[in-house]
Amino acid sequence: MSIVSVNHLVFRYREKGEDVLKDLSFEVEPGEFVAVLGHNGSGKSTLAKMFNGILCPTSGSVIVDGLDVSSEESVSELRKTVGMVFQNPDNQLVSTIVEEDVAFSLENQGVPYEEMRRRVDEAIAAVGMSEYATHATHKLSGGQKQRVAIAGVIVSEPKLLVLDEPTAMLDPQGRKEVMEIVRKLNASGITVLMITHYMDEAAQADRILVINNGEILLDGSPHYVFQNGGLLKSVGLDVPQSTELMFMLRKEGLRVPLSVLTVEECFHVLEDVLAGRVEQDG
Ligand SMILES: Nc1ncnc2c1ncn2[C@@H]1O[C@H](COP(=O)(O)OP(=O)(O)OP(=O)(O)O)[C@@H](O)[C@H]1O
Ligand SMILES: [Mg+2]
């Protein structure tokens with residue numbers, strides 16, 4: 001059974017406004033890592049807010065782990081099932097000390113102390129912040145703060161993690177740290193839906209959904225999606241730099257593969273080019 005089921009989802013912000021999401025339908029399987037790409041204003045954050053019921057469909061439905069997000073009775077269960085992480089870590093941290101911050105949501109749920117202690121320690125360890133457990137949150141780097149924010153979410157043991165541009169405000173080191181944690185959490189079984197503007201991050205997902213103007217433009221593996229470079233450019237999106245380089249070499253007549261996504265794959269192709277192992281047109 002799918003963990004996320006979006007059926008003919010339509011959403012508009014006001015009675016008479018334009019539809020921001022236009023008849024979206026897709027499923028997400030348990031354990032998938034789905035990246036969501038789309039130009040500014042295409043409706044990505046609006047979509048993200050459906051998954052834990054911050055917003056409800058105008059028509060159509062969104063079902064998460066069997067819970068209809070539009071149903072009043074689902075709300076408290078939904079908040080446990082779906083963890084949300086946003087762009088700005090400063091807006092998500094609620095306490096001055098790391099472990100207190102991570103414990104916050106459990107204190108509100110009335111979890112017994114022993115269990116809380118264990119789960120907080122596990123969540124902090126899972127984001128690689130154990131040595132900072134008793135440190136002040138305001139002294140951490142952006143990447144560390146975002147990792148603490150993620151710990152504060154996974155401490156509730158969600159099945160689905162929805163991240164809306166979690167690395168947008170971070171430096172390259174912070175981005176790398178957060179991506180590693182997200183991938184690790186996914187590998188441990190949590191389903192991930194991550195909105196990003198970074199193509200190299202999307203390339204690390206199992207699947208990419210490209211949203212344009214409230215509609216799904218492309219849905220498939222990173223290899224499939226990034227081979228549609230022309231279509232992506234037409235809606236203001238890019239391909240990873242390694243893929244871009246392959247397109248440029250193709251233009252020069254070298255028959256390199258266009259399915260290259262990572263720097264490592266790119267390196268191997270360039271080795272082949274330099275060793276004369278790649279055919280040329282003409
Ligand atoms: N609270 C709101 N009230 C009315 N319109 C809104 C509201 N929030 C967003 N919108 C509009 O809905 C559309 C989609 O916005 P949304 O924030 O979902 O896009 P996005 O893809 O997340 O963009 P970005 O890449 O800039 O984060 C935009 O036209 C936006 O102006
Ligand atoms: Mg957004």
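Here is a friendly talk between a colleague and a modeller about a predicted model.

Colleague: Let's start with the ligand; which residues surround ligand 1?

Modeller: Remember that we are looking at a predicted model. By class, the shell around ligand 1 holds two nonpolar, seven polar and one charged residues. Going along the chain, ligand 1 is surrounded by Tyr 13, Val 20, Gly 38, Asn 40, Gly 41, Ser 42, Gly 43, Lys 44, Ser 45 and Thr 46.

Colleague: Now the helices: are helix 6 and helix 7 roughly parallel or roughly antiparallel to each other?

Modeller: The axes of helix 6 (residues 142–154) and helix 7 (residues 172–187) cross at roughly 25° and come within 8 Å. Angles under 35 degrees count as roughly parallel. Helix 6 and helix 7 are therefore roughly parallel.

Colleague: Is the crossing of helix 6 and helix 7 left-handed or right-handed, and which residues make the contact?

Modeller: Helix 6 passes helix 7 in a right-handed crossing. Helix 6 brings Gly 142, Gly 143, Gln 146, Arg 147, Ile 150 and Ile 154 to the contact, and helix 7 brings Gln 173, Gly 174, Glu 177, Val 178, Ile 181 and Leu 185. The residues of this contact of helix 6 with helix 7 divide into five nonpolar, five polar and two charged. To give you the handedness once more, the crossing is right-handed.

Colleague: At what angle do helix 4 and helix 6 pack?

Modeller: Helix 4 covers residues 98–109, and its axis and that of helix 6 are 7 Å apart. The crossing of helix 4 and helix 6 is right-handed. In the contact, Val 98, Asp 101, Val 102, Phe 104 and Ser 105 of helix 4 meet Val 148, Ala 151 and Gly 152 of helix 6. The angle between helix 4 and helix 6 is about 35°.

Colleague: Zooming out, how far apart do the C-alpha centres of domain 1 and domain 2 lie?

Modeller: The domain assignment splits the chain into domain 1 (4–239) and domain 2 (240–282). The C-alpha centres of domain 1 and domain 2 lie 34 Å apart.

Colleague: And which element gives the largest share of the side of domain 1 that touches domain 2?

Modeller: Nine residues of domain 1 are in contact with eight residues of domain 2. On the domain 1 side, the elements that give two or more residues are helix 8 (199–202) and helix 9 (222–226). The largest share, three residues, comes from helix 9.

Technical notes
Residues are numbered from 1 along each chain as its sequence is written. Chains are lettered from A and ligands numbered from 1 in the order in which they are written. This is a predicted model: local features need pLDDT of at least 70, side-chain atom pairs count only at pLDDT 80 or more; totals for chains, interfaces and linings use all residues. A residue is near a molecule or strand if its C-beta atom, placed from the backbone, lies within 6 Å of it. Ala, Val, Leu, Ile, Met, Phe, Trp, Tyr, Cys and Pro count as nonpolar, Asp, Glu, Lys and Arg as charged, and the others, Gly among them, as polar. Axes are lines fitted to C-alpha atoms, for helices over the stretch in contact, and angles run from 0 to 180 degrees between N-to-C directions. Helices (H or I, at least four residues) and strands (E, at least two) are DSSP runs, numbered from the N terminus. Angles under 35 degrees count as roughly parallel, over 145 as roughly antiparallel, 65 to 115 as roughly perpendicular and the rest as oblique. A crossing is left-handed if the near helix is turned anticlockwise from the far one by less than a right angle, and right-handed if clockwise. Two residues are in contact if their C-beta atoms, placed from the backbone, lie within 7 Å. Domain bounds come from an automatic or database domain assignment.
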